[in-house]
Amino acid sequence: MGIAKEEDPKGIKNHQDSVEVMEMKVAKFSRGKAANLANLRDKKLKGQLTGKEKLIGLSAKAAAQTEKWFLPIEGGYLEPEGFEKTYRYDQQSIVQEVDISSSKKPFDMILPVLGPYTLEYTSNGRYMIVGGRKGHIAMMDMLNMDLIKEFQVRETVRDVAFLHNEQLFAVAQKKYPYIYNRHGTEIHCLKEHGKSLKLQFLEKHFLLASINSFGQLHYQDMSTGEMIANYRTGLGRTDVMRVNPYNAVIGLGHAGGKVTMWKPTSVKPLVTMLCHNGPVTAVAFDRGSHLMATAGVDRKIKIWDMRKYEVVDSYAARAQSLDFSQKGLLASSNGSLVEIYRDCGGQDYKIYMKHRMVKGYQVGKVLFRPYEDICGIGHSMGLSAILVPGSGEANFDTFVENPVETSKQRREREVQALLSKLQPETIMLNPNMIGSVRQPKKKEKKTKKEIEEEIEDAVDAAKNTRVKKKTKGRSKPSKRAKKMEEVVLRAKRPLLDQYKEIEGQPDKKQRVGEKTELPKALQRFAKKGQS
């Protein structure tokens, strides 16, 4: 006789929980309640519908199973209980509740000598480049928290930007922008850009955009080295520049309160918006929901709908820097305070989190790290990173961006990006226009010269036509000449009407009607009924 083993109640409970979760996911992908086929008399139709219902159930189960394996992580936010407010949670209490790997991601680097600092992440969120105002450049691997390279350029650094990957990055220095590799070796000096204040890289087009101290906007192709465009904005010096990730249009904020949007194939701005009553201090674009955030000296943060160019919401607050996360959270910095706003539905942004730095720290730039719930902060005394639950995309597609890619995958992705590089002409406000059929334009009226040329061609073609010879005296030279004249006149007639319309000479003379006003000199000859 065998001994009966008791089943683990904890295992049974976990199994029941997993079954319930799977049932919920199946219900999510199902198409509603099954049809009631009990009262159906047609056996053939009943069999067909039963098979279809079975296939619908199998497809829902397959979709739920696929989501389980391919979307294993679900993004979450801070959820208050009762009368709690999420913006009252500090970083210490959040770090205590998260997992070990997430608790290691926030940090504070105190670097008081070479600040203030600015920072930039790669598109996959793995690498970070930081630049100190007094010449300090450092590159870090944020996945392993390792320092890759650190060097001193010994002159002013205004901005830093990664190019297509972590192998190359651009630094806006005192006189010109420079290109360095990951080992700190200088590769290029871009003298044509001049004294650049801000840098932005357009990934899909391999274009480096910069705005210099004279208000000139430059576009340079980093794959060929060709200078694509150089435009004067005409609105003075500005250091507020941001690229819209949705359509690759550059947004500039100016001292007069205007925001202009540019593309490399247009001498004039595509859009000019008066957003504030004073100088614009920050601009940010959402990744895909057609939203733009602006901040000005007039102590207002405005959310704009770029489809209608209207204000969606406005807040009374200052901001030196703005940034949208992958999930639509909005970060703003004011002095030593960092505020995070969340869309509560209907584009109604409310305060989600607050983080106050040490008194005296002046925050220069806030930037969300892609695919992580992290917000990087560059301030006057160094660098910081805080946890912002729900800010990053929880699941990444390795065919688009891979934070854990190998060197071989990086090389393959670089070659693929060069092969699929978009031309500057593809940059436009509405990228959905690419691939659509252009509507036919209305026919323009022909000019006088064009009609004269067509008349000459028609006369030549008519003269070259052969007249059929006839017998019994009907092919006399006089009759043949008369027929030729008729053929020429018939060919010219439709073109002559167009010519007379342009000349203003209609065929028939207009009869003087009752409503026609005669000149004073001729009014005495008019009939009594006519004035």
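On the surface of this predicted model, a patch of positive charge brings together R133, K174, K175, K195 and R237.

Let's pick one member of that patch and see where it sits. K174 belongs to the loop that links β7 (168-173) with β8 (177-181). Is K174 buried, partly exposed or exposed? K174 is partly exposed, because its relative accessible area is 47% and that label covers values from 20% up to 50%.

Now for another loop residue, S380. You'll find S380 between β27 (374-379) and β28 (382-387). S380 counts as buried, because its relative accessibility is 19% and the cut-off for buried is under 20%. Which residues does S380 touch, leaving aside its neighbours within four places in sequence? S380 is in contact with G115, P116, G360, Y361 and Q362.

Here are the two loop residues together:

| Residue | Loop between | Relative accessible area |
|---|---|---|
| K174 | β7 (168-173) and β8 (177-181) | 47%, partly exposed |
| S380 | β27 (374-379) and β28 (382-387) | 19%, buried |

Time to zoom out to the whole protein chain. Its secondary structure comes to seven helices and 28 strands. The chain has 531 residues, and 38% of them are buried. As for the outside, the protein chain exposes about 33,600 Å², with carbon and sulfur atoms supplying 52% of that area.

What about contacts along the chain? Take those between residues at least 6 apart in sequence: 45% of them join residues at least 24 apart.

Key. Residues numbered from 1 in each chain as written. Predicted model: local features only at pLDDT ≥ 70, side-chain atom pairs only at ≥ 80, totals over all residues. Heavy atoms only, no water. Patch = residues over 30% accessible without salt bridge, like charges linked within 9 Å, V, L, I, M, F, W, Y side chains within 5 Å. Areas by Shrake-Rupley, 256 points an atom, 1.4 Å probe, with all protein chains shown as cover. Salt bridge = Lys/Arg side-chain N within 4 Å of Asp/Glu carboxyl O. Lys, Arg positive; Asp, Glu negative; His and termini not counted. Charge placed at Lys NZ, Arg CZ, Asp CG, Glu CD. Helix = DSSP H or I, 4+ residues; strand = E, 2+ residues; numbered from the N terminus. Buried < 20%, exposed > 50% of the residue type's maximum accessible area, 1.4 Å probe, protein only. Contact = heavy atoms within 4.5 Å.
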